[in-house]
Amino acid sequence: MFKAALLCLTLLFTLPAYAGQTVVLVHGYLGDGSQWRYSGISPSLHYSGWQAGGHLWPYGTQLYPPMQSDADFHYTVSLFSEAPLMLQAQQLASYLAMLQQRHPENEMVLVGHSAGGVVARLTMVLQPNFPIQGLITIATPHLGTELAYTGLAIA
């Protein structure tokens, strides 16, 4: 995962910046937003100049005061990862709406790991008006998984 994360960071730094950018890190199945910090991704972004904006989760938010309003920010989110994808996408959309109000001039980049990439992509499809500049997925099963195919066959 670390090599994929480094590739992800490289892609973030090559995206053209117009005003500022808001990167939203979406975890995978049975995970939470803290995994981005423990894996070293969130600290790497911070040390590379991306301000840590905070963490959003279903029971509240922990937002840090911005040191610079026109800067690049990164946020981690926690979703109910065992909930249906549509519910997770709605939850992510509410987080994105909050971040859009907080940084109205910034474009968003979604980074999703595993099932988080599927949720991020679904959110982009359901909410096409968000100013999302890009989607980066890491180890995301865009074509499904063997377990899902087995469950479909059983059903």
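## The second largest pocket

Strand E2 supplies four residues to the lining of the second largest pocket, the largest share. This is a predicted model, in which local features need pLDDT of at least 70, side-chain atom pairs count only at pLDDT 80 or more, and totals for chains, interfaces and linings use all residues. Residues are numbered from 1 along each chain as its sequence is written, and side-chain values use heavy atoms, without hydrogens or water.

The second largest pocket (an open set of 1 Å grid points where a 1.4 Å probe fits, with protein on both sides within 12 Å along at least five of seven lines) has a volume (space filled by probe spheres set on the points) of about 190 Å³. Its lining (residues with an atom within 4 Å of a point) has 14 residues. Nearest its centre lie Arg37, Ser42, Ala52, Tyr64 and His74. Helix H2 (34-38), helix H3 (41-47), strand E2 (51-57) and strand E4 (73-77) each give two or more residues to this lining. Helices (at least four residues) and strands (at least two) are DSSP runs.

By class, this lining has three nonpolar, 10 polar and one charged residues.

## The largest pocket

The largest pocket has a volume of about 370 Å³. Its lining has 14 residues. Tyr29, Leu85, Ala115, Pro141 and Thr145 lie nearest the centre. Helix H4 (85-102), H5 and helix H6 (146-154) each contribute two or more lining residues.

Eight residues of this lining are nonpolar, five are polar and one is charged.

## A residue of helix H5

Val125 lies in helix H5, which covers residues 115-126. Is Val125 buried or exposed? Val125 counts as exposed (over 50% relative accessible area), because its relative accessibility is 60%.

Methods. Buried < 20%, exposed > 50% of the residue type's maximum accessible area, 1.4 Å probe, protein only. Nonpolar A, V, L, I, M, F, W, Y, C, P; charged D, E, K, R; others polar.
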